[in-house]
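Subject: Structure handover

Hello,

Here is the structure you asked for. My notes follow below it.

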Amino acid sequence: NQDIQTVHQTVQSHSHDQLILYGCSRGAAAIIGEVSTHNPTNVAAIVLDAAPANMPATLHGKLALLGIHLSYDTTVFSTIFPAYPYNSITPFDAIKNIKNKNLPILLLHSENDLLVSFDHALKLYKEFKTH
């Protein structure tokens, strides 16, 4: 929530400018949150680098290696990051709330990303195309 609020304040402070927002990883998730929650009219495009579709799901690879069932992803994530809002809307789920259907979006993601798997980019891409 603080990440989205910080992005929102920055976008508002430049309300007379056309902006291209760039975010990497959690910053990309915050940009999706900003654009879907506040639908700013001064954002001309967004660039999302290694964006997670779901923050707790970023732990799936590690949980699988440790033999921990993937259904515990949110519990483990919230333990590691206690400030993370437990039932927050995921970037994936937020996409449907973006009103500007002509907003240019560039997704960047390495197939070899060890923190946020490439599957997240594919899920986001398909959801953006759907909406």
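Directly after helix 2 comes N39, which has a positive phi, near 45°. Helices here are DSSP runs of H or I with at least four residues, and strands are E runs of at least two, both numbered from the N terminus. The model is predicted, so local features need pLDDT of at least 70 and side-chain atom pairs pLDDT 80 or more, while totals for chains, interfaces and linings use all residues. Residues are numbered from 1 along each chain as its sequence is written, and side-chain values use heavy atoms, without hydrogens and water.

Helix 2 itself covers residues 26-38, 13 in number, and spans 18 Å from first C-alpha to last, close to the 18 Å expected (1.5 Å times one less than the number of residues). Its buried residues (under 20% relative accessible area, 1.4 Å probe, protein chains only) are A28, A29, A30, I31, I32, G33, E34, V35 and S36. Among the elements covering them are helix 1, strand 1, strand 2, helix 5 and helix 6.

Helix 2 also gives the most to the lining of the largest pocket, six residues. A pocket is an open set of points on a 1 Å grid over the protein atoms alone, where a 1.4 Å probe fits, with protein on both sides within 12 Å along at least five of seven lines; lining residues have an atom within 4 Å of a point. This pocket has 37 lining residues, with R26, P52, M55, F77 and Y84 nearest its centre.

The second largest pocket is lined by 13 residues; K101, L103, I105, F128 and K129 lie nearest its centre.

Regards

Technical notes
Buried means under 20% relative accessible area, exposed over 50%, partly exposed in between (1.4 Å probe, protein chains only). Contact means heavy atoms within 4.5 Å.
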